[in-house]
Amino acid sequence: MRISHLRQRLQDLGAKPCHEDRLLRGWSQVCSYDKKGSPAETFFPATLRNGLPAIEADLNGLAHLHSEHAAGEGVARLLVELHDGQMVESVLLPRGGLCVSTQVGCAVGCVFCMSGRDGLIRQLGSAEIVAQVVLARKYRAVSKVVFMGMGEPAHNLDNVLEAIDVLGRHGNIGHKNLVLSTVGDVRVFERLMERCAHHSLPPPCRGRTEVRVESLKGDVSTPTLPLPLHGGGNLDSRGQSGIIEKVKPALALSLHSTNAELRAKLLPHAPTISVEELVERAEVYARATGYPTQYQWTLIEGVNDSDAEVERIAALLKGKYALMNFIPFNAVDGLPYRRPSAVRTAEMMHTLNRQGIYSRVRDSAGQEVEGACGQLRARAVKENKPARIKVLTK
Ligand code: SF4
């Protein structure tokens, strides 16, 4: 289901934009439709109230928990079953983070990832993406959403951006706490840059405009870095009075190598764009939004952990509004790769930090439960488990 289809359904029941907004707020925040001095009972038109139970039943049926696999330190992998029996993975991260999937399977086919092994199975609708947040919020507060689970967001961009808009406008998630991850696709850069233009608000409903001011403070997932010279960052989600900007997520770019030939081997079906162009395009967006680009680098021993790579990263990112996330490879059955030693990983990070390129090591959540991206789903599909296991506690 797409949010646009949900909106149409609401409109068919007599909903105006303000009613749609109230319903999307209640659904995405898992809270009441009531507002102080404005109970839903009198706010929603009668036709909408009558149709609400059926709509809620459909929304509740979008995603449910198949099983939960705790990995310690506030991390848990959720195997999420969709309405048609397909499964995706979401990951609860520390400090209110949630990683969501955007597709069942993936067409990029990264050699180190289980999600891409069977190719793309189907797209997730925008409502199914938001439903993963709704599901997680039934168990835990969610204040950051990263689109880094199963799937390549660039291959399902309309749905991903629709979900981002709902989460940023109605879901109480600060814009820079929405992190869109991609292997790099011209369409992503173009669509994101379109969002940097101002857009007029829709006409107010009953004389009131519901505009929420996003708080960009206290962020953890997208650190605030000093903007290098000639930057013109925009840290506010609002423009002048009466004008609101589209939700602009932070950007994560999966690089994995600076060597074009090696990158093409690691990410066989990623668009053929030079790393220089990727970095330049990401830089334009980073400066337009004021959010640094987060480069992702799955570290594989003997493959992309050389001194030469570190040197090229340093040259490529020097002076850029960016940070490097090294993610040591998670063991995957049947794959010959290994993660570098902790010493080597730290050495790479420190070398870049010494050269002024902010770098950090991030563990891929769920290693303890063999939960590298896509493994839970692959195992469940293989075993065709009929029973659901519900082990989460509030
Ligand atoms: S790492 Fe991401 S882009 Fe690559 S195959 Fe896995 S899900 Fe797709």
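This report walks through a predicted model of one protein and its ligand, from overall confidence down to single residues.

Some ground rules come before the details. Residue numbers start from 1 along each chain, following the sequence as written. Since the model is predicted, local features need pLDDT of at least 70 and side-chain atom pairs count only at pLDDT 80 or more, while totals for chains, interfaces and linings use all residues.

**Confidence**

pLDDT is the predictor's confidence in each residue, on a scale from 0 to 100. The protein averages 85, and 80% of its residues reach 70 or more. Among its elements, helix α5 (residues 126-137) has the highest mean pLDDT, 98, and strand β9 (residues 198-200) has the lowest, 51. Residues 206-220 have pLDDT below 50, and this stretch has 19 contacts in the model beyond near neighbours in sequence. A contact here is a pair of residues whose C-beta atoms, placed from the backbone, lie within 7 Å. Residues 230-242 also stay under 50, with 21 contacts beyond four places in sequence. Where pLDDT is low, the predicted coordinates should not be read in detail.

**Overall build**

The protein has 12 helices and 14 strands. These are DSSP runs numbered from the N terminus: H or I over at least four residues for helices, E over at least two for strands. Of the 394 residues, 44% count as buried. Buried means that 20 or more other C-beta atoms lie within 10 Å of a residue's own, exposed means 12 or fewer, and partly exposed is in between, with C-beta atoms placed from the backbone. Among contacts with a separation of 6 or more, 76% join residues 24 or more positions apart.

**Helix α1 and its cover**

Helix α1 (residues 3-12) buries Ile3, Leu6 and Leu10. Looking down the axis of α1, these buried residues fall within an arc of 55°, so they line one face of the helix. That arc is taken over the directions from the helix axis to the C-beta atoms. His5 and Asp12 are exposed on the face turned away from the buried side. The cover over the buried residues includes α2 (17-29), α4 (46-60), α5 and α6 (157-169). Just after α1 comes Gly14, with a positive phi of about 90°.

**A parallel strand pair**

Strands β12 (residues 293-299) and β13 pair in the parallel sense over 7 bridges; pairing takes at least two DSSP bridges. One of the partnerships links Thr293 to Ala322 in β13. Strand β13 (residues 322-328) is mostly covered, with 5 of its 7 residues buried.

**Around the ligand**

The ligand is surrounded by 12 residues, and the closest are Cys106, Val108, Cys110, Cys113 and Gly116. To be near it, a residue needs its C-beta atom, placed from the backbone, within 6 Å. The shell has 7 nonpolar, 4 polar and 1 charged residues. Ala, Val, Leu, Ile, Met, Phe, Trp, Tyr, Cys and Pro count as nonpolar, Asp, Glu, Lys and Arg as charged, and the others, Gly among them, as polar.

**Three loop residues**

Here are the neighbour counts for three loop positions.

| Residue | Loop | Other C-beta atoms within 10 Å |
|---|---|---|
| Val30 | between α2 and α3 (40-43) | 16, partly exposed |
| His256 | between β11 (250-254) and α8 (260-266) | 26, buried |
| Gln355 | between α11 (342-354) and β14 (359-361) | 15, partly exposed |

Val30 has a positive phi near 50° without being a glycine. His256, not a glycine either, has a positive phi of about 70°. As for Gln355, its C-alpha atom is 9.6 Å from that of Ala315, 40 residues apart along the chain.

Notes. Contact = placed C-beta atoms within 7 Å.
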